[in-house]
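Open the model in your viewer and keep the sequence panel at hand. The stops below say what to select and what is there.

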Amino acid sequence: MDSLALGADLEPEPVVDEHSTVTLSVNGAETTLTVDHRATVLETLRESFGLTGAKKGCDHGQCGACTVLVDGRRVISCLLLAVAQDGATVTTVEGLADGESLHPVQQAFVERDALQCGFCTPGQICSAVGMLREAADGHPSHATGPDTATGPAALDADEIRERMSGNLCRCGAYPRIVEAIEDVIE
């Protein structure tokens, strides 16, 4: 039996479209675009929107350099599929400022010199903004004591370090980052 006859009974596989249309509100501007099902939020922000603040550091969700806010919550954008975010509101470090006025966290990072090379800074800033909202909403962390009452979580240096532990800085600017965040909550 020849090899062509073996495949003659097989039906051709259907062609599957590997793209979907999604609508995202990115930094206040709603946009509808077609994305590959495998494209991450990070890739979409960088390639489709030209927003390069969020960085591709480890590409495994371990460094936090790609942190952005989705619907007000901080997320690791290198692991989040864009197709699953249809209708979401995405805020990047570029969208935190109000015109020419920096967001208070951005301003504190500048004033405290809480950066060195700057690679991790956009993720650190977005993470800090999300972390401050989480604490204000009463979300506990590993460092939050079990007897903590409901309501906003108190943010001392230990609590800030714990909540920011998913964001790595190779330059070691951690003390200044903590100080910058403390400045915003005071």
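Is the crossing of H3 and H6 left-handed or right-handed? It is right-handed. Bear in mind throughout that this model is predicted.

**Stop 1: H3 against H6**

Select residues 104–111 for helix H3 and residues 174–185 for helix H6. The two pack at an angle of about 135 degrees, and their axes lie 8 Å apart. H3 is therefore oblique to H6, since an angle must be over 145 degrees to count as roughly antiparallel. Now show side chains. From H3, Pro 104, Val 105, Ala 108 and Phe 109 make the contact. From H6, the partners are Ile 177, Ala 180, Ile 181, Asp 183 and Val 184. Colour this contact by class: 8 residues are nonpolar, none is polar and 1 is charged.

**Stop 2: H4 against H6**

Keep H6 and add helix H4, residues 121–136. Here the packing angle is about 40 degrees, with the axes 11 Å apart. That makes H4 oblique to H6 as well, because only angles under 35 degrees count as roughly parallel. The crossing of H4 and H6 is right-handed. On the H4 side, pick Gln 124, Ala 128, Met 131 and Leu 132. Facing them in H6 are Tyr 174, Ile 177, Ile 181, Val 184 and Ile 185. This contact has 8 nonpolar residues, 1 polar residue and no charged ones. Ile 177, Ile 181 and Val 184 of H6 meet H4 and also touch H3.

**Stop 3: H3 against H4**

Hide H6 and look at the remaining pair. The axes of H3 and H4 come within 9 Å and cross at roughly 130 degrees. H3 is thus oblique to H4. Their crossing is right-handed. Select Val 105, Gln 106 and Phe 109 of H3. Then add Thr 121, Gln 124, Ile 125, Ala 128, Val 129 and Leu 132 of H4. By class, the contact of H3 with H4 holds 6 nonpolar and 3 polar residues, with no charged ones. Val 105 and Phe 109 contact H4 here and were part of the contact with H6 too.

**Stop 4: the largest pocket**

Clear the helices. Which residues line the largest pocket? Select Gly 57, Cys 58, Cys 63, Ala 65, Cys 117, Phe 119, Cys 120, Leu 168, Cys 169, Arg 170 and Cys 171. The volume of the largest pocket is about 190 Å³. Its lining comprises 9 nonpolar, 1 polar and 1 charged residues. Gly 57 counts as the polar one and Arg 170 as the charged one.

Key. Residues numbered from 1 in each chain as written. Predicted model: local features only at pLDDT ≥ 70, side-chain atom pairs only at ≥ 80, totals over all residues. Heavy atoms only, no water. 1 Å grid on protein atoms, 1.4 Å probe; cavity = no way out; pocket = protein on both sides within 12 Å on 5 of 7 lines; lining within 4 Å. Points joined across faces, edges and corners; volume = space filled by probe spheres on them. Axes fitted to C-alpha atoms, helices over the stretch in contact; angles between N-to-C directions. Helix = DSSP H or I, 4+ residues; strand = E, 2+ residues; numbered from the N terminus. Parallel < 35°, antiparallel > 145°, perpendicular 65-115°, else oblique. Left-handed = near helix turned anticlockwise from the far one by under 90°. Contact = heavy atoms within 4.5 Å.
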